[in-house]
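Good morning, and thank you for making time for this. I would like to walk through one structure slowly, for those who have not met it before.

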Amino acid sequence: MKNPPSATPHAVLVAGAAGFLGSHLCERLLERGCRVLALDDLSSGDLQHLEHLRRHPALRFVRHDITEPLPTEARDCERLFNLACPASPAYYQRHPVATVLSSAVGVWRLLELAQHTGARLLHVSTSEVYGEPQVHPQPEAYWGHVNPVGPRACYDEGKRCAEAMCLAYAAERGVVVRIARLFNAYGPRLRPGDGRVVSNFIVQALAGRPLTVYGDGLQTRSFCYVDDTVDGLLRLMDAGFTGPVNLGNPQERTMLDLAERVLRLAGSRSRLVFEALPADDPTRRCPDITLARHHLGWAPRVPIDEGLARTIEYFRALSAQAGARRAQGSVSPSAAYSLSRL
Ligand SMILES: NC(=O)c1ccc[n+]([C@@H]2O[C@H](COP(=O)([O-])OP(=O)(O)OC[C@H]3O[C@@H](n4cnc5c(N)ncnc54)[C@H](O)[C@@H]3O)[C@@H](O)[C@H]2O)c1
């Protein structure tokens with residue numbers, strides 16, 4: 001399942017390349033023989049995610065905010081992947097202006113580039129465009145139920161605006177666009193402190209601290225392992241379908257189910273503590289992936305326990321590395337990853 005047969009050309013721009021998903025995407029594009037122009041402003045990403053690729057001759061990293069005019073070398077890229085936007089509520093709610101601009105202005109810059117050069121653009125959107133869904137599971141045809149002025153609006157409405165802009169440029173100016181609506185991806189390189197449920201539970205379980213469950217824990221999400229998600233993005237870029245496509249795992253799980261799995265796989269005896277559900281937190285999420293199956297031949301393959309075990313392994317290794325660096329006195333406070341602090 002690594003790399004589907006592809007006509008992917010060689011010069012590819014990845015915006016948001018130092019993020020969780022962007023770094024995995026860069027890796028896979030380099031494996032395919034692409035040249036990758038990796039852009040990131042490092043606002044929620046981490047250059048460490050690209051460290052193992054630093055000497056790769058086909059990767060060029062430029063620290064760049066995509067709401068600003070794009071670097072000239074972007075004009076050489078035949079395909080543009082836009083992942084540049086913080087994805088964790090804890091992060092984007094602290095930076096709502098940057099978040100909404102990264103979606104709306106960032107995608108506009110890339111669309112203008114695509115119109116000018118004839119590049120194809122894949123914009124990474126989100127299941128959050130469905131808000132608190134009244135249709136379940138969510139098909140792409142569902143318009144969603146989003147609070148346009150709530151604490152999540154900078155993210156949800158920014159993404160909805162970006163989708164609208166992509167389709168406007170496709171309809172009026174002939175730009176070739178693809179839109180992926182992702183549902184809760186997880187895996188190695190999630191950041192330990194960024195507030196997403198999988199990384200929160202794992203970090204807490206490994207530290208022997210209580211797992212924080214919001215609400216009664218019966219709210220659901222659908223977790224898709226990063227390799228499957230990236231495979232879906234690569235297939236979608238190559239496919240001939242213009243409208244939004246859901247990429248997510250149709251196996252819906254409660255937070256309590258996730259917590260139980262993490263505890264078992266991490267060998268942890270942590271207990272659960274319950275806190276109030278954050279405002280506008282959706283109570284259920286499950287993708288209808290009929291379109292992805294049909295147009296991309298895609299469905300997730302990595303079973304949840306396998307994906308979680310790989311992710312737990314990653315966090316164990318990260319913790320051990322940070323511990324070793326601390327012991328040598330060579331770790332900066334901001335880079336320090338201390339399980340006991342989280
Ligand atoms: N991970 C998920 O479960 C998930 C689900 C739905 C949608 N998505 C979307 O996928 C994309 C990647 O998500 P992720 O989980 O890797 O998040 P992430 O925060 O790890 O990665 C986002 C990256 O974009 C960079 N960035 C943000 N604003 C930028 C700007 N203006 N210019 C340049 N770079 C900028 C950040 O520094 C970061 O490296 C995001 O667009 C997110 O909305 C992710």
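What follows is a tour of one helix, its partners, the loop before it, some unusual backbone spots and the nonpolar cores.

Please keep in mind throughout that we are looking at a predicted model.

Let me begin with α5, which covers residues 197-207. Nine of the 11 residues of this helix are buried, so α5 is largely enclosed by the rest of the structure. The buried ones form an unbroken list in the sequence, and I will read them out, since several will come back later: V198, S199, N200, F201, I202, V203, Q204, A205 and L206. What, then, covers the buried residues of α5? The covering elements include the strands β7 and β8, the latter at 211-214, together with the helices α7 and α9. Just after the helix comes G208, with a positive phi near 70°.

Now to the helix partners. Two packed helices are described by the angle between their axes and the distance between the axes, and I will give both for each pair.

The pair of α5 and α7, the latter being residues 255-266, packs at an angle of about 40°, and the axes are 10 Å apart. At that angle the two helices are oblique to each other, and their crossing is right-handed. From α5, the residues in this contact are V197, V198, F201, I202, A205 and L206, and they meet M255, L258, A259, V262, L263 and A266 of α7. Sorted by class, that contact has 12 nonpolar residues, with no polar and no charged ones. If you look at the spacing of the names in such lists, it helps to recall that an α-helix has 3.6 residues a turn, so residues three or four places apart point the same way.

The second partner of α5 is α9, a helix of residues 304-328, and here the axes come within 10 Å and cross at roughly 60°. This pair, too, is oblique, and the crossing is right-handed. On the α5 side we find V198, S199, I202, V203 and L206, while the α9 side supplies L308, T311, I312, F315 and R316. This contact divides into seven nonpolar residues, two polar and one charged.

The remaining pair to describe is α7 with α9, whose axes come within 10 Å and cross at roughly 60°. These helices are again oblique to each other, with a right-handed crossing. On α7 the contact is made by L258, R261, V262, R264, L265 and A266, and on α9 by I304, D305, L308, A309, I312 and R316. By class there are eight nonpolar residues and no polar ones, but four charged residues take part.

Let me step back along the chain to the loop between β7 and α5, where D194 is found. Is D194 buried or exposed? With a relative accessible area of 11%, D194 is buried, because buried here means under 20%. Leaving out residues up to four places away in sequence, D194 touches S88, A90 and S199. As for R316, which we met in α9, its C-alpha atom is separated from that of D194 by 17 Å, and the two residues are 122 apart along the chain.

The loop between β7 and α5 also holds R189, and this residue has a phi near 85°, a positive value in a residue other than glycine. R189 is buried as well, at a relative accessible area of 12%.

A second residue of this kind is D280, with phi near 65°, in the loop between β13 and α8. D280 is partly exposed, with a relative accessible area of 38%. For another backbone feature, please look at H136 and P137, which are joined by a cis peptide bond with omega of about -10°. P137 lies in the loop between β5 and α4.

Finally, the nonpolar cores. The largest has 63 residues, of which V14, L29, V36, F81, L233 and L247 touch the most other members. Setting aside neighbours within four places in sequence, V14 is in contact with G22, L25, C26, L29, V36, L37, A38, L39, F81 and L83. Apart from this core lies another, of 27 residues, including A15, L121, M165 and C166.

That is where I will stop, and I am happy to go back to any of these places on the screen.

Definitions and conventions:
Residues numbered from 1 in each chain as written. Predicted model: local features only at pLDDT ≥ 70, side-chain atom pairs only at ≥ 80, totals over all residues. Heavy atoms only, no water. Helix = DSSP H or I, 4+ residues; strand = E, 2+ residues; numbered from the N terminus. Buried < 20%, exposed > 50% of the residue type's maximum accessible area, 1.4 Å probe, protein only. Axes fitted to C-alpha atoms, helices over the stretch in contact; angles between N-to-C directions. Parallel < 35°, antiparallel > 145°, perpendicular 65-115°, else oblique. Left-handed = near helix turned anticlockwise from the far one by under 90°. Contact = heavy atoms within 4.5 Å. Nonpolar A, V, L, I, M, F, W, Y, C, P; charged D, E, K, R; others polar. Core = buried A, V, L, I, M, F, W, Y, C linked by side-chain atoms within 4.5 Å.
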